[in-house]
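This report walks through one protein model, from its salt bridges to its helix packing and backbone details. The structure is shown first.

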Amino acid sequence: QNSTARIREAFEDLDGRAVLRKLRRGAAQSLTGWRGEFWRCLLVSRLEDRLETIKRFLWLYIIGHCPVLELLFDTNRLVTLRKSVKRRTEIRPIGIGESLEKVSDGVWLTLLKEDMRAASLPFGFACAIPAGNEALAKDIQIELESAGDHTSVCKRDGQNFFPSLERFFLILDAGKLCPAFGLYVLRKLRRPTSYTLEIGDSGPGNPVYLDWRTISGIVQGKAVSFMLACIVSIQRMKLWTDILTSYFPAIHTAQQYQPAELTDLSPTTQAALSEWAEQHDLPGLRRETDELARCEGHGLTVSIRGFVDDKTIVTPSPLVSASLGLLGVVYKEVGVSFRLDKDEVWQVSSSGGLIIAGLPVWRINVPSLAAQPLEVESTPDTLLTTGVGSDKWLSETVGPAIRQAATDCVELLELMTKHARPGRPVVLLNL
C-alpha cells in the first residue's frame, strides 16, 4: 500500500504530454494497426482538456483495474530482424505490442527513473541516465587511466537473452525495486505471451500467419522488457562482484559498491559455483594475484558493467578466464547462458583500442617515442601529417579504434602530454 501510494503521488505529478511525446512517429504498428500517432493526436490544443481524463484511464490500467484490456492486448506482432549483414543467419525477434502498452511502459519508465538510477549505478547505465552508452564508455576510460599494465578488458555476450529469462526472477527483482511495479509485472507475466508472425501469402490478399504462445522470457523490443532485463542484470553483476572479491582477497572493486558477504545463495548458484571452482585453479590464481599485488605495490581492482546481455569486465590479467566463467555462474538461475564465440579480450599494456558500447576506449601508452621532443603543429590541416599525429603512428601505436578521436587531436595531445613518460616529452605548438 505504501508503494502504491508513493507511485500514485508521483503519477499525479506526471506530465502526460511528456510521456506522449516520447512515442515515435512512424513506428511499426501492432496487430490492430494502431500506432503512436493515435495517442500523439491528444497533444493538439483542442483536445488538451481531455488529457486529465486519459491520465485517469492510464492510472486505472497500470494498477490492474482493466483486466479485460490486459487480456485483449496480450498478443504481439512478431518482426524478425537480421542482426547484421555479416551475420545473416542470426535474427533478433522483436515483438510489437499495442500502442496502449507503449504508453503504459513509458509511464513506468518515467515514474521509476530515479529508482533505476539509484539501483543500477555504477553497474548499468541504460535506464539510469541520459546518453548511457557514452557514460559507460567514459566510466571505463577513467578507470583505465590508472590501471596497471597487468590489466585486461573482457567482453562477453548473452545468448538469446530476452527469451531465456526466468519469469520468477523478473517478478521478484521488479518487486524489490518497487512493489507496485512488481504487481504490474506479475499481472503481465503470469499469463502466456502470444506472438503472431506473418510468414507469406497463399494468394493475393491472403496472408498466412503463424501463432504461438510461450511462458518463457519477455518480449524483446518493449521498453518495460528492457528495464526488467537491466534490473535482473544489476543483481547478477553485484553477485559477480561479491563472489570474485570474496575468493581473491588481493583485489577490490574499482566501482562505488561495497561487496556483500556470500549468504543465502540459491542451490542452483551454489552448484554452479562449485563447478566453477573445480574448473579453475583458484588457489593458484589466488597466489598469482597476491604476488602481482605485491609487485605493483597496491591492491588489484575489478569492475563489471553492461547493457542487459552485453557484459564488459575489467580484471587483472590472470583472472580473465575465471572472471568470464563466473558470468555463467551468477546468471544460471535466471536461465541465461553466454556465447563463447564472440569473446573479446584486450590487454591495456598493448597499443590500440577497444570498442565499448559502440564507442572507442583506450589507454594512452606510448612505448616507442624517441627521447627527443616531438614538435607537432596543432592546426587542423597539419595535425595528422607528422610525428605523433601521423597516419603511420596511429595505425601502429594507437590503433584504428581511436583514429576518430585523434582527429580532434588538440584534446588527444593534451592527454598525451599529461601521461608522457619521463625523457619522452611532447611539445605542443600554437595552443
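Which residues are linked in a network of salt bridges? In this predicted model, the network consists of E70, R187 and R191.

**Salt bridges**

Side chains of opposite charge can pair when their charged atoms come close. The whole structure contains 16 salt bridges. One of them joins R191 and E70, with N and O 3.9 Å apart. This pair connects distant parts of the chain, 121 residues apart: R191 sits in the loop between helix 11 (179-189) and strand 4 (193-201), and E70 belongs to helix 5 (residues 67-72). Both partners are buried: R191 has a relative accessible area of 14%, and E70 has a relative accessibility of 2%. These values count as buried because the cut-off is under 20% relative accessible area.

A second pair is formed by K188 and E101, whose closest N and O atoms are 2.8 Å apart. It also links distant parts of the chain, with K188 in helix 11 and E101 in helix 6 (residues 99-111), 87 residues apart. K188 is buried at 15% relative accessibility, and E101 is buried at 5%.

The third pair described here, E291 and R294, has an N to O distance of 2.6 Å. These two residues are three apart in helix 14 (residues 282-296), so about one helical turn separates them. E291 is partly exposed, with 38% relative accessibility, whereas R294 is exposed, with a relative accessible area of 57%.

| Salt bridge | N to O distance |
|---|---|
| R191 and E70 | 3.9 Å |
| K188 and E101 | 2.8 Å |
| E291 and R294 | 2.6 Å |

**Helix packing**

Two packed helices are described by the angle between their axes and the distance between the axes. Helix 6, which holds E101, packs with helix 1 (residues 2-12) at an angle of about 105°, the axes being 10 Å apart. Helix 1 is therefore roughly perpendicular to helix 6. On the helix 1 side the contact involves I7, A10 and F11, and on the helix 6 side V107, W108 and L111.

Helix 6 also meets helix 4 (residues 51-62): the two axes come within 11 Å and cross at roughly 85°. This pair, too, is roughly perpendicular. Helix 4 contributes F57, L58, Y61 and I62, while helix 6 contributes L100, E101, V103, S104, V107, W108 and L111. V107, W108 and L111 thus take part in the contact with helix 1 and in the contact with helix 4. E101 appears in the contact with helix 4 and in the salt bridge with K188.

**Backbone details**

Most residues other than glycine have a negative phi, and most peptide bonds are trans. A cis peptide bond occurs between L121 and P122, with omega about 5°. P122 lies in the loop between helix 7 (113-120) and helix 8 (132-145).

Positive phi values are found at N160 and D264. N160, which is not a glycine, has a phi of about 50° and is placed in the loop between strand 3 (151-159) and helix 9 (161-164). Its side of the accessibility scale is exposed, at a relative accessible area of 54%. D264, also a residue other than glycine, has a phi near 60°. The loop that holds D264 runs between strand 6 (251-253) and helix 13 (267-279), and D264 is exposed at 79% relative accessibility.

**Cysteines and F38**

A disulfide is a covalent bond between the sulfur atoms of two cysteines. How many disulfides does a search of the whole structure find? The search finds zero. Among the cysteines, C66 is buried with a relative accessible area of 14%, and C178 is buried with 0%.

F38 is part of helix 3 (residues 37-40) and is partly exposed, at 47% relative accessibility. F38 and L23 are 15 residues apart in sequence, and their C-alpha atoms are 9.9 Å apart.

**The protein as a whole**

The protein has 18 helices and 14 strands. Of its 431 residues, 45% are buried. Among contacts between residues at least 6 apart in sequence, 70% join residues at least 24 apart. The exposed area is about 21,800 Å², of which carbon and sulfur atoms supply 53%.

Technical notes: Residues numbered from 1 in each chain as written. Predicted model: local features only at pLDDT ≥ 70, side-chain atom pairs only at ≥ 80, totals over all residues. Heavy atoms only, no water. Helix = DSSP H or I, 4+ residues; strand = E, 2+ residues; numbered from the N terminus. Buried < 20%, exposed > 50% of the residue type's maximum accessible area, 1.4 Å probe, protein only. Contact = heavy atoms within 4.5 Å. Areas by Shrake-Rupley, 256 points an atom, 1.4 Å probe, with all protein chains shown as cover. Disulfide = S-S within 2.5 Å. Salt bridge = Lys/Arg side-chain N within 4 Å of Asp/Glu carboxyl O. Axes fitted to C-alpha atoms, helices over the stretch in contact; angles between N-to-C directions. Parallel < 35°, antiparallel > 145°, perpendicular 65-115°, else oblique.
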